[in-house]
Amino acid sequence: QVQLVESGGGLVQPGGSLRLSCAASGSIFYVYAMGWYRQAPGKQRELVAASTFGGLTNYADSVKGRFTVSRDNAKNTVYLQMNSLKPEDTAVYYCNADVRVRAGSRNDYWGQGTQVTVSS
């Protein structure tokens, strides 16, 4: 019913920047929160940053001041601008969206994940 397609991952040197994008499509009535999680090898998936429809944001302490989450509600798209990247930011980044579909139900959806590697 709903698909999330991510783009923008890759390899970057420490101190560099990357921008992730995630577009939601399908039988969407309303998108509540959209955000990004990440999972490093051997670790649990963790919240990185999220935004409500109205623009309220929430960040993990480890990325505050370096990452910025934003949304284009008309396009059902969420972005993650990542600056001053560190090796510990290396992980698979997953897009997440809390969506009410046209049929009426409300569900959590996930993207396929995009690899971010920070290394010299």
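**View 1. Strand 1 pairs with strand 3 in this predicted model.** The two run antiparallel, with strand 1 covering residues 2–7 and strand 3 covering residues 18–26, and six bridges hold the pairing. To get your bearings, start from L4: its bridge partner in strand 3 is A24. Strand 1 also has two distinct faces. V2, L4 and E6 sit on the covered one, while Q3, V5 and S7 sit on the uncovered one. That every-other-residue pattern is no surprise, because side chains in a regular strand alternate between the two faces of the sheet.

**View 2. C22 and C95 make the disulfide.** The structure holds one disulfide, and here it is, with the sulfur atoms of C22 and C95 2.0 Å apart. The torsion about the S-S bond is about -80°, so this disulfide is left-handed. C22 belongs to strand 3 and C95 to strand 9, so the bond ties together parts that are 73 residues apart in sequence. Both cysteines are tucked away: C22 is buried, and C95 is too.

**View 3. Strand 4 has strand 9 as one partner.** Strand 4 takes in residues 28–39, and nine bridges join it to strand 9 in an antiparallel arrangement. Strand 9 itself runs over residues 91–101. For a landmark in this pairing, look at Y30, whose bridge partner in strand 9 is R100. Y30 turns up in another role as well, since it forms one aromatic cluster with Y32 and F53.

**View 4. Strand 4 also pairs with strand 5, by way of a hairpin.** Strand 5 spans residues 46–51, and five bridges pair it with strand 4 in the antiparallel sense. M34 is a handy spot to check the register, as it stands opposite S51 of strand 5. Six residues lie between the two strands of the hairpin. Which residue of this hairpin takes a positive phi? Look for G42, where phi is near 80°.

**View 5. D98 sits in strand 9 with company from two stretches of chain.** Is D98 buried or exposed? With a relative accessibility of 16%, D98 counts as buried, because the cut-off for buried is under 20%. Setting aside neighbours within four places in sequence, D98 touches Y30, V31, Y32 and A33, and also R106, N107 and D108. Y30 and Y32 from that list are the tyrosines that cluster with F53.

**View 6. Y109 packs in from strand 10.** This tyrosine lies in strand 10, which covers residues 106–110. Its relative accessibility is 13%, so Y109 counts as buried. What does Y109 contact, beyond its neighbours within four places in sequence? Its partners are Q1, V2, L4, C95, N96, A97, V99 and V101. Two of these, V2 and L4, sit on the covered face of strand 1, and C95 is half of the disulfide with C22. As for V99, its C-alpha atom is 7.4 Å from that of Y109, though the two residues are 10 apart along the chain.

**View 7. Y37 meets W110 edge-to-face.** The model has three aromatic pairs, and this is one of them: the ring centres of Y37 and W110 are 5.0 Å apart, with 65° between the planes. The pair brings together distant parts of the chain, with Y37 in strand 4 and W110 in strand 10, 73 residues apart. Neither ring's residue counts as buried: Y37 is partly exposed at 24% relative accessibility, and W110 is partly exposed with a relative accessible area of 36%.

**View 8. Zooming out, the protein chain has 11 strands and zero helices.** The radius of gyration is 14 Å, close to the 14 Å that the globule rule gives for 120 residues, so the chain is as compact as a globular protein of that length. Its C-alpha trace spans about 50 × 25 × 20 Å along the principal axes. Buried residues account for 42% of the 120. Among contacts with a separation of 6 or more, 54% come from residues 24 or more positions apart. The accessible surface totals about 6200 Å², and carbon and sulfur atoms supply 49% of it.

Technical notes. Residues are numbered from 1 along each chain as its sequence is written. This is a predicted model: local features need pLDDT of at least 70, side-chain atom pairs count only at pLDDT 80 or more; totals for chains, interfaces and linings use all residues. Side-chain values use heavy atoms; hydrogens and water are left out. Helices (H or I, at least four residues) and strands (E, at least two) are DSSP runs, numbered from the N terminus. Buried means under 20% relative accessible area, exposed over 50%, partly exposed in between (1.4 Å probe, protein chains only). Contact means heavy atoms within 4.5 Å. Two strands pair if DSSP finds at least two bridges between them. A disulfide is a pair of cysteine sulfur atoms within 2.5 Å. The radius of gyration is taken over C-alpha atoms; the globule rule is 2.2 Å times the number of residues to the power 0.38. Accessible areas come from the Shrake-Rupley method with a 1.4 Å probe; for residues, only the protein chains shown count as cover. Rings of Phe, Tyr and Trp (its six-membered ring) pair if their centres lie within 6.5 Å; planes under 30 degrees apart count as stacked, over 60 as edge-to-face and the rest as tilted.
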